[in-house]
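Here are some notes to go with your first look at this one. Have it open beside you as you read, and take the points in order.

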Amino acid sequence: MACVGIVGGLGVGATVDYYERITARCKALSVVPDLVFVHADVDRGQGFVRAGQLDALADYLLGFIERLARAGATAAALPAVTPHICIDRIVARSALPMIDIVATIGAELGARRLRRVALFGTTFTMEGSLWGQLARHAPDVEIVKPQPDEIAFVGKAYQRLLDTQQGDDADTAGLRRIAADLQRRDGVEAILLAGTDLAVIFDEANAGFPAIDVARLHIEAIVDRLMSR
């Protein structure tokens, strides 16, 4: 098998979710995954994001990717969406090929022939440069931004998830209400669960609205790479 390196810690709940789902999928395929993990500091990473220091964020993450390469990894993945705002900078300098979550999302949207989607994730994901990156991978898809107050609500709800790793009934109800408004008001066909910690409160099956779990897509791409030679 190929060896995949995972930059964990961005945050911890998402890393644990990825690890559990990757190993479960590999067990179902009767294979043992060859994985290497390193741990990055989510607070430091978020500090770079809040300050708009994308070069510094890329430098920080590239240091971990170099460690993964020295440990024998032949590809690397970031099990979090927000750090992908600097993925172009990382890909240009990485010692390893990256399993890019944005590319996997683009491929899925194209396969489903969706035309209007929205994202739930951190405030930085919903407002940041990830939109332009996704547009390059899915040029026929219109990405609808929620209203400013909706972005603020989703961002605060996500931050609470990240901090506590526990769901909140009011947050869950609010996210479902915003999803319904996006469908009714803006003609959105699906909501991308573009924050891996959202798995703490719901998934594609129980979200209560048409949803695409981007972590699932990314995990499938990681398992495909693990199965390659």
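1. Keep in mind that this is a predicted model. A good place to begin is Arg 185, which counts as partly exposed because its relative accessibility is 34%. Its side chain meets that of Asp 186 in a salt bridge, with 2.9 Å from N to O. Asp 186 comes out at 17% relative accessibility, so this residue counts as buried. The cut-off for buried is under 20%.

2. Now go to Arg 21 and Asp 213. These two form a salt bridge as well, and their closest N and O atoms are 3.0 Å apart. Arg 21 belongs to helix 1 (residues 12-28) and Asp 213 to strand 7 (residues 211-213), so this pair ties together parts that lie 192 residues apart in sequence. Are the two ends buried or partly exposed? Arg 21 has 25% relative accessibility and therefore counts as partly exposed, whereas Asp 213, at 9%, counts as buried.

3. Don't stop at that pair, though. Asp 17 comes in too: salt bridges with shared partners join Asp 17, Arg 21 and Asp 213 into one network.

4. Next, try Arg 89 and Asp 55, whose side chains meet in a salt bridge at 2.7 Å, N to O. Which elements does this pair tie together? Arg 89 sits in helix 4 (residues 87-93) and Asp 55 in helix 3 (residues 54-70), so the linked parts are 34 residues apart in sequence. Arg 89 counts as partly exposed because its relative accessibility is 34%. For the model as a whole, the count of salt bridges is 13.

5. Stepping back to the overall fold, the protein chain has 10 helices and 7 strands. How does its radius of gyration fit a compact globule? A compact globule of 229 residues would have a value near 17 Å, and the chain has 17 Å, so the two agree. The C-alpha trace spans about 50 × 40 × 35 Å along its principal axes.

6. On packing, 53% of the 229 residues count as buried. Take the contacts in the chain with a separation of 6 or more: 76% of them come from residues 24 or more positions apart.

7. Last, the surface and the charges. The accessible surface of the protein chain is about 10200 Å², and carbon and sulfur atoms account for 50% of that. The chain carries 24 positive and 29 negative charges, and the mean positions of the two sets are 3 Å apart.

Definitions and conventions
Residues are numbered from 1 along each chain as its sequence is written. This is a predicted model: local features need pLDDT of at least 70, side-chain atom pairs count only at pLDDT 80 or more; totals for chains, interfaces and linings use all residues. Side-chain values use heavy atoms; hydrogens and water are left out. A salt bridge is a side-chain nitrogen of Lys or Arg within 4 Å of a carboxyl oxygen of Asp or Glu. Helices (H or I, at least four residues) and strands (E, at least two) are DSSP runs, numbered from the N terminus. Buried means under 20% relative accessible area, exposed over 50%, partly exposed in between (1.4 Å probe, protein chains only). The radius of gyration is taken over C-alpha atoms; the globule rule is 2.2 Å times the number of residues to the power 0.38. Contact means heavy atoms within 4.5 Å. Accessible areas come from the Shrake-Rupley method with a 1.4 Å probe; for residues, only the protein chains shown count as cover. Lys and Arg count as positive and Asp and Glu as negative; His and the chain ends are not counted. The place of a charge is taken as NZ of Lys, CZ of Arg, CG of Asp or CD of Glu.
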